[in-house]
Amino acid sequence: MLWFQGNSIQFAKYSFRLFLRNLSASRTILPVLTLFTKDPCPLCDEAKEVLEPYKNRFILQEVDITLPENSVWYERYKFDIPVFHLNGEFLMMHRVNISKLEKQLQKLEQQGTGG
């Protein structure tokens, strides 16, 4: 019972290719934006609000610098939080610089990978 003929087969192939493309796009690895923070940190809370519209473009990882296992980060950033790293590299501190963040995210997206 083969009822696909001519254009119907072409349409089915095209639809399947679109499905595969979307599937592979959904597997794209998002970059990791690390927020070095502590509690309380009003500037960190403000920064997270500013980042809200971008949350689908990265994975936000928060690091509490006051925890014993993060003492290296505490010594480095105790007077500078919030501090942000993108994929392990310093990006910005004190306040969110949207243009800098946007530029780096676009660069990673053009490379086709977050990592």
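**Sheet, flanking helices and disulfide**

L33 stands opposite L86 of strand 3. This pair belongs to a predicted model, in which strand 1 and strand 3 are joined in the antiparallel sense by four bridges. Strand 1 covers residues 32–37 and is also paired with strand 2, here in the parallel sense and over six bridges. Within that parallel pairing, V32 has I59 of strand 2 as its bridge partner.

The four strands make up an open sheet of order 2-1-3-4, and the pairing is mixed. Strand 2 (59–64) and strand 4 (89–93) are the edge strands, each of them paired on one side only. From one strand to the next, the twist averages 25 degrees. Helix 2, residues 42–51, packs on the sheet and touches strand 1, strand 2 and strand 3 (83–86). The direction of helix 2 makes about 160 degrees with that of strand 1. Helix 4, residues 98–111, likewise packs on the sheet, where its contacts are with strand 1, strand 3 and strand 4. For helix 4, the angle to the direction of strand 4 is about 155 degrees.

Strand 3 runs antiparallel to strand 4, and four bridges join the two. One of the bridge partners across this pairing is M92 of strand 4, which is matched with F84. Strand 3 and strand 4 form a hairpin with two residues between them. In the turn, N87 has a positive phi of about 50 degrees.

The side chains of strand 3 were examined next. In a regular strand, side chains alternate between the two faces of the sheet. In strand 3, V83 and H85 point one way, whereas F84 and L86 point the other way. All four of these residues are buried. L86, in the second of these pairs, is the residue that stands opposite L33, and F84 is the bridge partner of M92.

The count of disulfides comes to one. This link is formed by C41 and C44, with the sulfur atoms 2.1 Å apart; the pair qualifies because the cut-off for a disulfide is a sulfur separation within 2.5 Å. The link of C41 and C44 is right-handed, with 65 degrees about the S-S bond. Both cysteines fall in the buried class, which is set at under 20% relative accessible area: C41 has a relative accessible area of 6% and is therefore buried, and C44 is buried with a value of 1%.

Technical notes. Residues are numbered from 1 along each chain as its sequence is written. This is a predicted model: local features need pLDDT of at least 70, side-chain atom pairs count only at pLDDT 80 or more; totals for chains, interfaces and linings use all residues. Side-chain values use heavy atoms; hydrogens and water are left out. Two strands pair if DSSP finds at least two bridges between them. Axes are lines fitted to C-alpha atoms, for helices over the stretch in contact, and angles run from 0 to 180 degrees between N-to-C directions. Contact means heavy atoms within 4.5 Å. Buried means under 20% relative accessible area, exposed over 50%, partly exposed in between (1.4 Å probe, protein chains only).
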